[in-house]
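Me: Could you take a close look at one part of this model for me? I'd like to hear about a single strand and its surroundings, and then whatever helix is worth a visit.

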Amino acid sequence: HNRSKSNRPPPNGRPSNPPLPPHLSKRRDALLPFRQALPIYQHADSIRAALSTKNTLILTGETGSGKSTQVPQFLLSQPWCKKCIAITQPRRVAAISLARRVAEEMGSSLGNASPASKVGYSVRFDNAAGPNTRVKFLTEGMLLQEMLRDPELKQYSAVVVDEVHERSVNVDLILGFLKKMQKEGKRKDAMKVVVMSATADVEGLVKFFDDEEGDIGCKKIERVQTDGVQSAESEKAKGKGKQKSGSGGVENGVVPVTDTKSEPSSTVSTCFVEGRQYPVKTIYLPEPTQDFVESALKSIFQIHYKEPMPGDILVFLTGQDTVEALERLVNEYAQGMEEGVPKILALPLFAALPQHAQQKIFQPAPSKTRKVILATNIAETSVTVPGVRFVVDSGKVKIKHFRNRLGLDSLLVKPISRSAAIQRQGRAGREAPGQCYRLYTEQDYASLEPRTTPEILRCDLSAALLTMKARGVEDVLNFPFLDPPPREALEKALLQLLQLGALTETGEISEIGLKISKLPLTPTLGRVLVEAARPERDCLLDIIDIISCLSVENIFVNLVTEEKKEEAEAARRELYKREGDHMTLLTTVQRYAEERSDRKVWTEKHFVSHRAMQNVMDIRKQLRQNCVQLSLLPSSSTAHSNSNSTDPSSNPSASHDSRTRSILHSLLRGFAANTARLMPDGSYRTLLGNQTVAIHPSSVLFGRKVEAIVFSEFVFTNKSYARGVSAVQLDWVGEVLEEVGG
Ligand code: ADP
């Protein structure tokens with residue numbers, strides 16, 4: 001051991017020299033008692049011990065028990081942990097807010113703020129990690145991206161996979177890759193893997209990691225320690241450890257204490273952390289409701305008038321749209337409350353919410369005020385909101401679903417699973433006895449699915465397959481999946497990648513596919529971007545602007561009253577383009593970027609969301625950088641140039657036409673499957689699949705009849721809608737379909 005004393009982390013896991021700025025150390029010290037009171041603190045030693053002898057730990061604990069914030073800090077001081085610890089999160093909000101919190105707890109600045117920063121994060125379009133980062137929160141997608149560059153993840157000593165119960169496609173891929181990595185054993189030092197979950201299928205996970213044949217069930221898990229850590233060993237696994245390891249294998253059933261040179265057995269430990277849970281009284285609706293936003297509003301005010309303070313309310317809704325609608329209603333009603341009634345502070349919480357707004361939910365309410373947090377299912381397990389005694393559960397969630405007939409993913413509002421309902425209910429009893437208002441009947445509850453189907457069994461797999469191909473997995477059908485998706489879905493995804501030109505006829509990844517896999521975009525959008533970079537199209541900067549807009553929820557402010565709608569229509573008229581929504585988005589970005597005076601004023605005048613436009617500009621910058629890295633753009637393009645040589649939308653010359661044409665052709669190349677033609681009866685039918693779609697009312701083409709359309713999104717509410725629509729010529733569609741072999 002030649003590490004100098006000064007850079008060895010002290011045993012409490014805190015950073016040592018150089019001395020901390022006083023405000024950081026003060027905050028760190030103030031937070032310590034809070035950390036020590038977390039249920040997981042009792043398990044620190046056993047978690048460390050488990051990982052010193054085993055490479056894999058499966059850790060289950062209630063939301064709020066301290067898993068995400070404490071586990072990396074427990075491990076930092078371990079002798080095997082010389083490099084960085086990665087912790088994956090399904091959502092950017094959680095990755096960023098956890099990084100901020102852990103930085104505070106460790107008395108460190110965040111990201112690359114100073115060379116001494118120990119905690120960082122990396123999320124799509126925002127990387128804040130420095131050379132000395134030792135704890136890095138990443139979204140699952142970002143870790144997969146890093147695996148493409150470095151398949152053995154050599155910069156990390158450990159990967160902590162958090163929120164595994166959510167079972168996103170990406171988490172399933174990460175688990176598969178980590179298992180493969182451990183099995184292949186190409187790394188010199190051992191890679192430690194911690195799998196964390198609020199409601200784990202522990203048996204399935206142990207089985208998955210413990211044995212390649214999968215024949216070691218939970219029955220063989222034997223308790224080796226009494227404080228919650230168990231070891232899943234079997235004679236067979238011991239034998240395997242011996243077989244595989246060189247110097248440091250398992251001898252006579254004794255597991256050696258790991259140092260980074262030896263290769264310990266590949267068996268798995270498990271650990272359960274009991275959370276604090278007070279009783280929660282559950283109240284059902286007597287009759288089903290047609291409008292859960294209205295029912296939620298009633299419940300909120302019923303609680304507010306009847307129940308004593310303190311006690312904040314957490315409401316589970318479906319998405320940004322319902323959150324914002326209820327926020328407006330709550331604020332409206334709260335204004336009409338009598339004198340003397342405590343105030344209400346409505347706080348939205350959804351994935352696309354900017355940082356400072358998210359931080360508000362962690363601050364205590366001002367005196368004589370009740371906080372009402374209006375959240376998507378992000379608050380189910382991902383983010384813990386303190387102070388909550390009342391939960392209002394809509395019973396609904398917006399999830400991605402693959403619609404087989406259309407061959408497209410779409411977001412659908414669906415009933416939650418019973419296990420999600422229990423999670424939501426649990427949020428009311430963290431700090432004291434609580435109440436949960438379920439906006440559905442008791443019979444409805446009984447008929448819910450027991451648990452949510454993993455995403456990999458219900459989504460388009462093309463992005464997942466491309467990642468696998470790029471990472472060198474040749475036989476995707478035999479990848480170690482925790483739940484293997486149906487063969488049909490895999491084949492469909494392979495076909496889609498073939499049509500995009502991302503795979504060759506023989507199923508290998510193509511030049512184009514490699515480029516797409518390195519972009520933080522879906523294969524479809526990636527294909528659009530690569531197409532735009534071709535010399536004969538030459539419209540990459542414009543396409544980047546459009547894709548940046550498609551990557552945020554909505555750049556136009558949603559309006560409720562008819563009067564406001566008319567006002568907005570008039571103000572936006574100069575932005576609307578007859579070619580459709582994509583050219584409209586492009587014009588908006590370019591006008592915004594060129595605005596010399598006050599951009600905020602400009603957005604207000606045009607009823608454009610300033611917050612969304614700031615996001616768009618960030619994404620645009622990131623995508624330009626990605627394109628420079630892939631040599632699709634010269635390096636001068638990342639300079640803060642705000643306009644793309646000329647504005648096609650304001651130039652009524654022939655060059656405008658050819659540029660617009662290039663843009664639409666590029667869109668078509670990626671979205672060939674999302675094309676529809678006008679039928680004699682005035683409806684639109686998709687060219688592949690022959691399905692009826694209607695142009696969404698939010699489109700600038702709504703109510704127009706054009707010979708063919710290409711659309712970037714498919715929404716299903718009461719019927720099938722195309723959203724993000726451009727008018728194209730039917731013969732262009734024919735050309736592209738011929739190219740994809742459709
Ligand atoms: P788990 O991963 O088990 O759900 P966490 O480690 O995320 O638990 O959270 C532990 C506690 O730390 C929570 O109860 C919460 O109050 C607090 N906490 C987590 N993140 C933040 C944050 N960004 N700001 C303030 N407090 C936080």
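**Strand β17 and its neighbours**

Reply: Let's start with a pairing: strand β14 (residues 388–393) lines up with β17 in the parallel sense, with 4 bridges between the two. Keep in mind that this is a predicted model. Within that pairing, Phe 390 sits opposite Gln 435 of β17. Gln 435 also has a partner in another strand, as Lys 281 stands opposite Gln 435 too. That one belongs to the pairing with strand β10 (residues 280–284), which is joined to β17 by 5 bridges and runs parallel with it.

Now for β17 itself, which spans residues 434–438 and is mostly covered, with 5 of its 5 residues buried. Look at which way they point: Gly 434, Cys 436 and Arg 438 go one way, while Gln 435 and Tyr 437 go the other, and all are buried. In a regular strand, side chains alternate between the two faces of the sheet.

For the helix, try α10 (residues 320–335): its 16 residues reach 23 Å from first C-alpha to last, close to the 22 Å expected. Its buried residues are Thr 322, Val 323, Leu 326 and Val 330. They are on the same side of α10 because they cover an arc of only 95° around the axis. Those buried residues pack against α9 (292–306) and three strands, β11 (312–316), β12 (343–349) and β13 (369–375). Turn to the face away from the buried side of α10 and you'll find Arg 328, Glu 332 and Gln 335, which are exposed.

Terms used: Residues are numbered from 1 along each chain as its sequence is written. This is a predicted model: local features need pLDDT of at least 70, side-chain atom pairs count only at pLDDT 80 or more; totals for chains, interfaces and linings use all residues. The expected span of a helix is 1.5 Å times one less than its number of residues. A residue is buried if 20 or more other C-beta atoms lie within 10 Å of its own, exposed if 12 or fewer, and partly exposed in between; C-beta atoms are placed from the backbone. The arc is that of the directions from the helix axis to the C-beta atoms. Two residues are in contact if their C-beta atoms, placed from the backbone, lie within 7 Å. Two strands pair if DSSP finds at least two bridges between them.
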